[in-house]
Amino acid sequence: MKRPLIWILALVLGLPLVLAMWGAFFLFAVFPLQHVYNTWRMDAKTAKLWETAEAQVITLSAQLASDAGGERIENRIICYNGHFARPFTLKAGAPFAGNTPRSVGEQALIAQLPTGGVLDVDFPLLCNRIMRGGIGALVQDLTPNDVYIVAPSLEQQCAFPREGHSSAELLRTEAFWVSRPEITTITTQRLRDVVPLDALGSTDTRQTPARFSERWTWAQFEGDSKWKPDENCWAPRGLQCNAELTRICGGAPG
């Protein structure tokens, strides 16, 4: 009678250990090697793609003005149908590789503000819209997904709510205003004619940050700085007023 009991105990105690070891083998051996292989394979495809593929070359621009004067901010974005290799993540699961719209350069308008902050107008889905939906789906008065003013020395950011489409202004504060961005040019060119191969970078998605929070290594859980109209100030994470941040972000939005 004791021997069957021992086997049952061994099974009950040993099975979780075997499963844990099996899972660890995949997490720390199989999946990393699979991602290395996927990246090598997608990088090789990218090298061939660069020789023949066409790209959409987009110029985004906007007007930035203050009491000190005005300037036009501009960025050229190169969109193409490229390849990616995604490592294991808790959200997405096992390593995976495939095709997706990609870009060279930031999908954003970025400019230094007269207040000392940095304007970041994020267009993270611009290339997806162009490569999948066609340029006919785009309008001149593009609406950015996010508009931020960044104060890296303070490790803070001011986030502005998205407004309607009718205004010619994207953002106005007491210190400056920014016109609504528009596409000034869009052309189709051979990829190899507009960028060198090394500018395409690795297909490893961990090495190709595209979103605002990735550009600025901003921890999203930190939260945004909020405008407090009752106290006429910007408050980090909506808490206490910060005079320096209020100056950098341009004072009252409106």
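In what order do the four strands of the open sheet lie, and is their pairing parallel or antiparallel?

## Sheet architecture

In this predicted model, the open sheet of four strands follows the order β4-β5-β6-β7, and its pairing is antiparallel. Its edges are formed by β4, spanning 108-112, and by β7, spanning 156-159; each of these edge strands pairs on one side only. On average, neighbouring strands of the sheet are turned by 20° against each other, with direction ignored.

Strands of a sheet pair through backbone hydrogen bonds, in either a parallel or an antiparallel sense. Here, strand β6, which covers residues 146-151, is joined to β7 by four bridges in the antiparallel sense. At the level of residues, Y148 has A159 of β7 as its bridge partner.

## Nonpolar surface patch

Four residues, L27, F28, F88 and L90, make up a nonpolar patch of about 480 Å² on the surface. One of them, F28, belongs to helix α1, which runs through residues 2-52. F28 has a relative accessible area of 67% and is therefore classed as exposed, the cut-off for that class being over 50%.

## Confidence of the prediction

For the protein chain, the mean pLDDT is 85, and 85% of the residues reach 70 or more. Confidence is highest in helix α3 (residues 191-194), at 97, and lowest in helix α4 (residues 212-215), where the mean is 79.

Note on methods: Residues are numbered from 1 along each chain as its sequence is written. This is a predicted model: local features need pLDDT of at least 70, side-chain atom pairs count only at pLDDT 80 or more; totals for chains, interfaces and linings use all residues. Side-chain values use heavy atoms; hydrogens and water are left out. Patches are made of residues with over 30% relative accessible area and no salt bridge: like charges are joined within 9 Å, nonpolar side chains (Val, Leu, Ile, Met, Phe, Trp, Tyr) within 5 Å. Accessible areas come from the Shrake-Rupley method with a 1.4 Å probe; for residues, only the protein chains shown count as cover. A salt bridge is a side-chain nitrogen of Lys or Arg within 4 Å of a carboxyl oxygen of Asp or Glu. Helices (H or I, at least four residues) and strands (E, at least two) are DSSP runs, numbered from the N terminus. Buried means under 20% relative accessible area, exposed over 50%, partly exposed in between (1.4 Å probe, protein chains only). pLDDT is the predictor's confidence in each residue, from 0 to 100. Two strands pair if DSSP finds at least two bridges between them. Axes are lines fitted to C-alpha atoms, for helices over the stretch in contact, and angles run from 0 to 180 degrees between N-to-C directions.
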